[in-house]
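Visitor: Could you walk me through the labels people put on a protein model? I would like to hear the reasoning behind them.

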Amino acid sequence: MAEVNFCPSHPVGETDDSLETIRVELLNDVTRRNSVSDVKQKMSRTFSYRRKEVVQGSLSAGEFKARWPALFQISEINAEFQRITTLQLETTFMAELDNLAPQLASIFQKKGGICGQKLVQHVQIIQEATSDVEDRRVAVLKGLCLYLGEDDESLIREYMDIDGNSILSDLQMYAMGIYAINKEGGRNGHYDDVGIFVEGVIIMDNIRSPAQACAAMLGVIYALNLAYPKDLRRYYEFIQKVLMKLDGEKLSPKVLGLKNKLGGQ
C-alpha cells in the first residue's frame, strides 16, 4: 500500500531490548500530564521496533493497543502514517476531499437508477451552501461508496438510543470500521461519540467528527498493516490511490472510470 518505510532498521545504537525499555516507559508517559513532547519523541524513536511487531503479525489489535496505547490518538496516528508513507494524513485527506467535492457532486448528480436515487440526499448536502463542512465531507465519502457500488452505511455505523453492551455486541460482527453514537434527542449528525473499532475492539474513541474518523481509519489500516475490508475495497482503493495519490498506477475498472471522469470535469 505504498509504504516507503514498511519495516525500517533500528536507529543506530538501538536494539530490541533498548527499544523495549522505551516502550515500557511510554506506558507510564501516556498517563502523565504534560508528557506530549516525551511521548512524541519516544514514539518516533521506537517506530522501527513497532513496525517489526506489526509485520510479524502475531498480535491482535487489542493486544497491540495494550502494548502501544500512545499510538491510538489522532496526533500519533497522523505521525505514524507520515513515518510510513512520508505523506501528511489528515491535512492531505481533508484538502483533497474538499477540492474534489464539487466535481464529485456533479458526477454523482448524473448517476441514474437506484444508485442515483440514493445519491440525491448526499448531493444536496454537498451543494447546500449552509451545510456544515464536516457534514459535507461525510456526504462526499458516503457518496463515493454508493457510486462505486458499495453500501454507504458500511462506512460509518450509526447507533441511536442503544446501550454500550449492545453496540459492542454489534461491532463483533464486522472486521473493522467507524461507529458514531447519535446524541439522544439531538439532531442527526450530532454525536455523543465517534470512534474506530478493529476485530470487535474499540481502539479509538472521542474523535471530533466522522470525517476525521475516516481519515484516521486509513491511518489505522496503515499503522496495523490491515487489509481493506472487502465490502469497502473500492472506496479504500479510491481514497488511497486517487485521493491520497499513493501507488496509483493500477486501478480497478470502477475506480479508474471515476478517476477518468474527474480528469474530464
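Guide: Here are a few labels and the reasons for them. This is a predicted model, where local features need pLDDT of at least 70, side-chain atom pairs count only at pLDDT 80 or more, and totals for chains, interfaces and linings use all residues. Residues are numbered from 1 along each chain as its sequence is written, and side-chain values use heavy atoms, leaving out hydrogens and water.

Visitor: Why is arginine 137 called buried?

Guide: Buried means under 20% relative accessible area, with exposed over 50% and partly exposed in between (1.4 Å probe, protein chains only). Arginine 137 has 13% relative accessibility, so it counts as buried. You will find arginine 137 in helix α8, residues 133-147; helices (H or I, at least four residues) and strands (E, at least two) are DSSP runs, numbered from the N terminus.

Visitor: And why does valine 220 count as buried?

Guide: Its relative accessibility is 0%, so valine 220 earns the label too. Valine 220 sits in helix α11, residues 210-223.

Visitor: What does valine 220 touch?

Guide: Contact means heavy atoms within 4.5 Å. Leaving aside residues up to four places away in sequence, valine 220 touches Ile77, Ile196, Val198, Ile203, Met204 and Leu226.

Visitor: What makes β3 and β4 a pair?

Guide: Two strands pair if DSSP finds at least two bridges between them. Strands β3 (residues 191-198) and β4 (residues 201-204) are joined by 3 bridges and run antiparallel, so they pair under that rule. Phenylalanine 197, for instance, has isoleucine 202 in β4 as its bridge partner.
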